[in-house]
Amino acid sequence: MFAARCEDAALLDLWHPVAAIPDVRERGPVSTQLLGQMLVVSGQEGEEISIKEFMAPMVHGQVFNQGREVSLPVREAFGFVWTSLGAPPERLFDIPEFHETDRWSENSGSFRVHTSAGRTVENFLDLAHFPFVHEGYLGEQPYTEVKDYSVTFDDREIWATGCEFYQPIAAVSATDGQVTKYTYRLAHPFCPLLYKTSPVDPKRFDVIGIFVQPMTEVRACAHQFLSLLDETNDDATIKRFQAIIFGQDKPILENQVPKRLPLGSRAETPITADKTSIQYRRWLTELGISYGVIRDNTQRDSEPCSEIF
Ligand SMILES: [Fe+2]
């Protein structure tokens with residue numbers, strides 16, 4: 001079967017993350033997919049990173065070797081390589097905290113998941129799942145209440161502020177449970193960031209994000225980004241903690257039906273915890289996105305979604 005080709009200008013023109021820089025430098029080249037297109041990201045230490053798109057004709061899922069190669073734009077930001085299949089803007093969103101010198105920032109793993117990018121983002125924005133999916137880590141029963149919070153949409157960014165949640169182990173460095181304060185920020189349709197109370201300095205925030213790469217309509221790669229004030233933890237411990245958390249999300253995400261994100265206002269029952277999701281779905285609708293989403297309430301859940309992988 002063919003991977004559906006993305007026709008959405010809003011997605012083609014975006015910068016998308018495609019690999020962590022160390023994965024390319026030390027273990028590359030990296031073969032991957034973006035919006036159904038095959039890419040290879042290469043560039044060993046000392047070389048410039050380059051990205052080639054293989055415009056290969058496919059018949060019955062077989063890629064033929066005589067396909068054309070096209071060079072794509074390359075951008076390095078926040079520890080990742082980014083590219084675009086269209087005409088990307090000069091500017092990528094900024095994360096001011098990334099430039100603060102007393103922080104420890106890095107990628108903490110790239111995790112592939114069999115669902116749409118939109119579903120992956122929405123799961124990241126959802127506080128209500130913490131005590132159920134991440135019990136003992138990011139939440140604990142009976143502390144399941146999501147307090148009311150504010151959502152704004154300004155200057156092409158969604159901000160959810162005033163979120164609070166009780167967490168038994170909010171981060172690797174936490175020794176006790178705490179009420180964690182959160183702010184969510186979406187400065188890119190597939191790059192949600194979470195600012196949360198730092199266990200080492202309650203006046204400042206750790207930044208955790210996922211930069212989600214839409215590989216096909218129903219496959220995504222969540223590249224995890226961390227910018228922490230705490231430098232006492234080693235790389236392997238932090239990566240292990242993040243892998244445990246994502247390992248808890250993955251089966252939940254992969255069992256959600258339909259895999260493409262429904263955008264219709266009546267598609268799924270809204271609850272308080274979904275205020276950010278509702279704004280997120282509105283934003284995707286306004287952007288005119290149809291790839292990886294279901295725009296029309298009348299589309300059936302069981303509609304087959306063709307892809308290759
Ligand atoms: Fe989760």
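Which residue in β3 does S31 stand opposite? In this predicted model, the residue facing S31 is V40. The two belong to a pair of antiparallel strands, β2 (residues 30-34) and β3 (residues 37-42), held in register by five bridges. Between these strands the hairpin has just two residues, and here L35 takes a positive phi near 50°.

Stepping back from that hairpin, the whole chain has 309 residues, of which 36% are buried. Its secondary structure adds up to six helices and 18 strands. Among contacts with a separation of 6 or more, 63% come from residues 24 or more positions apart.

Some of the strands gather into an open sheet of seven. Reading across this sheet, the order is β10-β16-β15-β14-β13-β12-β11, with antiparallel pairing. The edges are taken by β10 (104-113) and β11 (150-154); each has a single partner strand, so one side of each has no neighbour in the sheet. On average, neighbouring strands here are turned by 20° against each other, direction ignored. At the β10 edge, the partner is β16 (residues 220-228), and eight bridges link the two in the antiparallel sense. One example of facing residues is N107, which sits opposite F225 in β16.

Two helices come up against this part of the structure. Helix α3 (residues 117-125) packs on the seven-stranded sheet and touches β10, β13 (178-186), β14 (192-197), β15 (205-214) and β16. The direction of α3 makes about 165° with that of β15. Helix α5 (residues 235-255), for its part, lies across β10 and β16 and runs at about 30° to β10.

How many of the nine residues of α3 are buried? The count is nine of nine, so to speak a full house. The buried residues of α3 are A117, G118, R119, T120, V121, E122, N123, F124 and L125.

Besides touching the sheet, α3 also packs against another helix, α6 (residues 275-286). Two packed helices are described by the angle between their axes and the distance between the axes. For α3 and α6, the angle is about 150° and the axes are 10 Å apart. Angles over 145 degrees count as roughly antiparallel, and that is why α3 is described as roughly antiparallel to α6. The crossing of α3 past α6 is right-handed. On the α3 side, the residues involved are G118, V121, E122 and L125, and they meet T276, S277, Y280 and L284 in α6. Sorted by class, this contact has four nonpolar, three polar and one charged residues. The α3 residues in this contact, G118, V121, E122 and L125, also appear in the list of buried residues.

There is another open sheet to look at, this one made of three strands. Its order is β1-β9-β8, and the pairing is antiparallel. Here β1 (16-20) and β8 (75-77) stand at the edges; each has a single partner strand, so one side of each is left without a neighbour in the sheet. From one strand to the next, the twist averages 35°. The β8 edge strand pairs with β9 (residues 80-83) over three bridges, in the antiparallel sense. Within this pairing, E76 has V81 in β9 as its bridge partner.

How values were computed: Residues numbered from 1 in each chain as written. Predicted model: local features only at pLDDT ≥ 70, side-chain atom pairs only at ≥ 80, totals over all residues. Pairing = 2+ DSSP bridges. Helix = DSSP H or I, 4+ residues; strand = E, 2+ residues; numbered from the N terminus. Axes fitted to C-alpha atoms, helices over the stretch in contact; angles between N-to-C directions. Buried ≥ 20, exposed ≤ 12 C-beta atoms within 10 Å, placed from the backbone. Parallel < 35°, antiparallel > 145°, perpendicular 65-115°, else oblique. Left-handed = near helix turned anticlockwise from the far one by under 90°. Nonpolar A, V, L, I, M, F, W, Y, C, P; charged D, E, K, R; others polar.
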